[in-house]
Amino acid sequence: MTASTETDTTALLSQFAGDPRAAQLAQLMTALNGGDRATDNADIKRQYKKTLERFKSIVKDFKRENRRLREVNNGLLAHSELLAGAVGACPECWGEDRACEFCEGDGGPGAFFPENESFEEFVKPVLRMVRENMSRKRQKQNTETTMTSTTQPPAEYEEQKP
Ligand SMILES: [Zn+2]
């Protein structure tokens, strides 16, 4: 095992801390480093080869999973950025990080003017649904109250356009 392979593997292992395979991999790595490759003992050589193959297989699994998680993460980041634009929040931290270079922690929803396209796509349908729901409640309430009193209905929900 070369020094760079070991460094790569150690870096990879640190990303999967807590995964039982990481502990197994660390054990295999220790076994490989302690293995005597120059020995004539055929059993030890066979055992070493078997351990090395198992090691390579686990590293391959980890690399595949690492790529998959990176893709998932990139998708989530892109989605988060779109939603931040829709609600006028900081795309970097959503106003949750005082050390944020973009907003210094003041970028919660509504801190910035929403981006038109993502507002239309993500926020408008929700506002429409809330408005319709409130309208139904108000109608139901009006029907009930007009039967018994002249109480005013609750103030109408107003949609704020960006
Ligand atoms: Zn921020």
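Helices here are DSSP runs of H or I with at least four residues, numbered from the N terminus.

**Figure 1. Overview of the predicted model of the protein chain.** The chain holds 4 helices and 0 strands, and its elements follow the order α-α-α-α from the N terminus. Of its 162 residues, 10% count as buried. Among contacts with a separation of 6 or more, 40% join residues that are 24 or more positions apart. The mean pLDDT of the chain is 83, and 81% of the residues score at least 70. By element, H1 has the lowest mean pLDDT, 68, whereas helix H4 (residues 116-148) has the highest, 91. Where pLDDT is low, the predicted coordinates should not be read in detail.

**Figure 2. Close-up of threonine 10 in helix H1.** Threonine 10 belongs to helix H1, which covers residues 3-15. This is the element with the lowest mean pLDDT in the chain. Threonine 10 has 12 other C-beta atoms within 10 Å and is therefore exposed, since the exposed class takes residues with 12 or fewer such neighbours. Alanine 26 lies 16 residues from threonine 10 in sequence, and the C-alpha atoms of the two are 8.4 Å apart.

**Figure 3. Close-up of helix H3 along its length.** Helix H3 comprises 46 residues, numbered 42-87. At 1.5 Å a residue, a helix of this many residues should span 68 Å; the C-alpha atoms at the two ends of H3 are 67 Å apart, so the expected and modelled spans agree. The buried residues of H3 include Phe55 and Ile58, together with Ala84, Gly85 and Ala86. An α-helix has 3.6 residues a turn, so residues three or four places apart point the same way. Just after H3, glycine 88 has a positive phi of about 70°.

**Figure 4. Close-up of valine 59 in helix H3.** Valine 59 is placed in helix H3. It has 19 other C-beta atoms within 10 Å and is partly exposed, because a buried residue needs 20 or more. Along the chain, valine 59 and leucine 13 are 46 residues apart; in space, their C-alpha atoms are separated by 8.9 Å.

**Figure 5. Close-up of two positive phi values in the loop between H3 and H4.** Tryptophan 94 is located in the loop between H3 and H4. Its phi is near 60°, a positive value in a residue other than glycine. With 19 other C-beta atoms within 10 Å, tryptophan 94 is partly exposed. Glutamate 104 is located in the loop between H3 and H4 as well. The phi of glutamate 104 is also positive, near 55°, and this residue too is not glycine. Glutamate 104 has 13 C-beta neighbours inside 10 Å and so counts as partly exposed.

**Figure 6. Close-up of proline 114 and valine 87.** Proline 114 is a residue of the loop between H3 and H4. It has 21 C-beta neighbours inside 10 Å and therefore counts as buried, the cut-off being 20 or more. Valine 87 is 27 residues from proline 114 in sequence, and the C-alpha atoms of this pair are 5.4 Å apart in space. Helix H3 covers residues 42-87, and helix H4 covers residues 116-148.

Note on methods. Residues numbered from 1 in each chain as written. Predicted model: local features only at pLDDT ≥ 70, side-chain atom pairs only at ≥ 80, totals over all residues. Expected span 1.5 Å × (residues − 1). Contact = placed C-beta atoms within 7 Å. pLDDT = per-residue confidence, 0-100.
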